[in-house]
Amino acid sequence: MPRATVHKRAAAEVFLTDAVRTADGRFTVAVRWPREHGLYRPGPRGDEDPLLWIETVRQAGIHLSHRFYGVPMHHPFVLAGLTFAVDMPPAPRHAARPVPVTLDVVVRREAQNARRMAASAEAVVLAGGRAMGRVGLRWQAVDPARYAVLRERNSPPKPTGTVPGDTGAVPLTARTVGRARERDVVLAATRDDDTWMLRPDTSHPVLFDHATDHIPGMVLLEALRQAAAVSTARRAGGPAATHGTGRAPHAPLLRSGTVVFEAFGELDAPTTVTARSGPAGADGEPALCVSAVQGGRTLVRADLLCGPAPRRMRDGDAGARR
């Protein structure tokens, strides 16, 4: 699939191969995930990374908007929020024979004119025709003039003082946050065990695939995920990993979550990420309320469930949407 239709610069970061309309507002999207990806890696039991699902559905929302809804290619996209829920099927990327992955997507337009499209999508992630889980997405695609207004209106005041690279905060280790490479770490320690500084590497080939004027949504999601990994390990009685000295052999897999994006984040202003305990899930899964704040304003907030998988989807669940 052409890189421009999913707003990617690197061909390796394009996870879609085709899309067809199957009914009014309904689409089947073909997916190709790399067997080995630099950032999105399966868990210790072969569980797929939910952020890979979210990135794939995000690309689908962009592509479908351009191809089927007439959104001009130069219109920026603004992510408003998302939900996800994970099942526990075999890993499709690492089977002896690759398992075909598709998305069953329903798009609902909330508004559309020449300057703006506001929409939501509900996608079932299917491997070999079997439902793996779901991702919901809300976004706007707007013309550059309207984007400039949104950018100004929804940006926190830029605080005075140090910028992220000058905080002196010690980055966490890759093992602490459940990552394979040190360059994938986006958090640094603070004196508060539940709070970290955001330290994104703007040269990262995945998180910063192309130039941007704000902190990308997927960078904020990665920060929330890493905060959840450290916080869950500490609350489970593991080693004190907050300052990067402990060992976290396997980061807990995110099982479900609701994420709301509230403001644009500036790349050159300090951002803190905080994780607090939330009400446990129905099956006792550890729950966290995680947020990123800059200049006193919340950029993103999320309620996340980690740990054991929720009840498996019934065999008929995927077919019920067809």
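**Close-up views of a 12-stranded sheet and its helices**

**View 1. Overall make-up of the predicted model.** Of the contacts in the protein between residues at least 6 apart in sequence, 69% join residues at least 24 apart. The secondary structure of this predicted model consists of three helices and 12 strands, and buried residues account for 52% of the 322 residues. About 14200 Å² of the protein is exposed, with 53% of that area supplied by carbon and sulfur atoms.

**View 2. The open sheet and its edges.** The 12 strands follow the order E1-E2-E4-E5-E6-E3-E9-E12-E11-E10-E8-E7, and their pairing is antiparallel. Because strand E1 (16–23) and E7 each have a single partner strand, they stand at the edges, with one side of each left without a neighbour in the sheet. On average, neighbouring strands of this sheet are turned by 25 degrees against each other, direction ignored.

**View 3. Strands E7, E8 and E10.** Strand E7 (residues 187–189) runs antiparallel to strand E8 (residues 195–198) and is joined to E8 by three bridges, while a hairpin of five residues links the two; here Ala 189 stands opposite Trp 196 in E8. E8 also pairs with strand E10 (residues 272–277) in the antiparallel sense over three bridges, with Met 197 opposite Thr 272 in E10.

**View 4. Strands E2 and E4, with helices H1 and H2.** Six bridges pair strand E2 (residues 26–31) with strand E4 (residues 101–112) in the antiparallel sense, and Val 29 stands opposite Leu 103 in E4. Helix H2 (residues 144–153) packs on the sheet, touching E3, E5, E6 and strand E12 (297–306), and its direction makes about 100 degrees with that of E6. Helix H1 (residues 50–69) lies across several strands, including E1, E2 and E4, and runs at about 60 degrees to E1.

Key
Residues are numbered from 1 along each chain as its sequence is written. This is a predicted model: local features need pLDDT of at least 70, side-chain atom pairs count only at pLDDT 80 or more; totals for chains, interfaces and linings use all residues. Side-chain values use heavy atoms; hydrogens and water are left out. Two strands pair if DSSP finds at least two bridges between them. Helices (H or I, at least four residues) and strands (E, at least two) are DSSP runs, numbered from the N terminus. Buried means under 20% relative accessible area, exposed over 50%, partly exposed in between (1.4 Å probe, protein chains only). Contact means heavy atoms within 4.5 Å. Accessible areas come from the Shrake-Rupley method with a 1.4 Å probe; for residues, only the protein chains shown count as cover. Axes are lines fitted to C-alpha atoms, for helices over the stretch in contact, and angles run from 0 to 180 degrees between N-to-C directions.
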